[in-house]
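Colleague: I am new to this structure and would like a close look at a single part of its surface. Please start there, then place that part within the whole.

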Amino acid sequence: MPDSNSETDSLWSLRRMVARLERAVLTPVRALRPEYVPLLMVYFAYGAMGLIAVAKEFWIKQSLTLTPAELAAIAVWLNVPWTIKMVFGELVDTVPVLGSRRRGFVFIGGGLIAAGMILLWVAAAGVAPGISRNTLYVLASLLSVVGLVLQDVTADAMSTEVVARVHADGAPRDKADVDRDLGMVQVLGRLSLALGAFITAGLAGWAAYNLPYATVFLVGLIVPAISISGALLVKLDTPEV
């Protein structure tokens with residue numbers, strides 16, 4: 001005969017685990033506010049860069065003449081902007097662009113990513129035969145990485161500024177409530193990034209199989225369009241300059 005006490009304990013353990021999982025998933029969702037959505041669009045766009053990933057990998061193998069050693073060396077150099085991310089963060093915090101220390105850098109980052117997508121299209125479509133595809137690939141990758149780093153550090157900075165410090169009547173909010181919302185915005189940002197990667201994972205494979213590579217790179221322009229749209233719509237609680 002099974003031990004009823006053991007079964008009860010196991011059932012309660014399972015219920016507690018389910019309850020903790022629900023809190024972990026639902027708490028950030030319940031903390032979502034409409035004013036956070038534009039910022040989350042920037043994070044989503046970062047994750048959605050995977051939209052061109054499969055097509056890009058196939059195109060590299062089929063169209064470029066770079067050796068595995070050269071590709072590995074390029075990958076190392078492309079990782080450098082991420083290792084000096086704090087330098088970009090200092091730039092975002094101290095140097096205004098067109099009167100903005102936030103939106104302006106998202107625009108620049110989106111522009112760099114878009115330029116990278118266009119260069120990949122040029123290389124894949126063969127519309128610039130006088131320029132090596134290898135060169136276009138390296139330049140496109142560098143522009144995209146720098147654009148992503150800029151947008152990532154700017155989004156992190158904006159995540160502290162989308163949370164209201166005062167109530168609608170102008171009365172200051174409780175510090176504990178503000179700190180809780182700041183933490184939730186960070187969590188929501190990472191969830192948005194993961195959602196972007198999850199949604200585009202299947203689309204990336206379908207696009208690489210059914211569309212010309214050049215077309216996939218053009219479709220990829222929707223990614224910087226999303227982040228730039230988010231920067232246009234975001235409302236920050238503190239002055240940008």
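Modeller: First, a term. A patch is made of residues with over 30% relative accessible area and no salt bridge, and nonpolar side chains are joined into one when they lie within 5 Å. Keep in mind that this is a predicted model.

Now the part itself. Trp77, Val80, Ile84, Met86 and Val87 form a nonpolar patch on the surface. Together they have about 520 Å² of accessible area.

Take Trp77 from that group. Trp77 sits in helix α4, which covers residues 68-78. Is Trp77 buried or exposed? Its relative accessible area is 64%. Exposed means over 50%, so Trp77 counts as exposed.

For contrast, turn to Ala45. Ala45 belongs to helix α2, residues 37-47. Its relative accessible area is 2%. The cut-off for buried is under 20%, so Ala45 counts as buried.

What does Ala45 touch, leaving aside residues up to four places away in sequence? The answer is Val223, Ile226 and Ser227. Ile222 shows how the chain brings distant positions together: Ala45 and Ile222 are 177 residues apart in sequence. In space, their C-alpha atoms are 8.7 Å apart.

The whole chain gives a related picture. Take its contacts with a separation of 6 or more: residues 24 or more positions apart account for 82% of them.

Helix α2 also appears at an internal space. The structure holds 1 cavity of 30 Å³ or more. The largest cavity has about 40 Å³ of space. Its lining consists of Val42, Tyr43, Tyr46, Leu148, Gln151, Asp152 and Ala155. Two elements, α2 and α8 (133-158), give two or more residues each to that lining. The most comes from α8, with 4 residues.

Step back to the full chain. How many helices and strands does the protein chain have? There are 11 helices and 0 strands. From the N terminus on, the elements run α-α-α-α-α-α-α-α-α-α-α. The chain has 241 residues, and buried residues make up 39% of them. Ala45 is buried.

The surface closes the circle. The protein chain exposes about 13200 Å². Carbon and sulfur atoms supply 68% of that area. The patch with Trp77, where we began, has about 520 Å² of accessible area.

How values were computed. Residues numbered from 1 in each chain as written. Predicted model: local features only at pLDDT ≥ 70, side-chain atom pairs only at ≥ 80, totals over all residues. Heavy atoms only, no water. Patch = residues over 30% accessible without salt bridge, like charges linked within 9 Å, V, L, I, M, F, W, Y side chains within 5 Å. Areas by Shrake-Rupley, 256 points an atom, 1.4 Å probe, with all protein chains shown as cover. Salt bridge = Lys/Arg side-chain N within 4 Å of Asp/Glu carboxyl O. Buried < 20%, exposed > 50% of the residue type's maximum accessible area, 1.4 Å probe, protein only. Contact = heavy atoms within 4.5 Å. 1 Å grid on protein atoms, 1.4 Å probe; cavity = no way out; pocket = protein on both sides within 12 Å on 5 of 7 lines; lining within 4 Å. Points joined across faces, edges and corners; volume = space filled by probe spheres on them.
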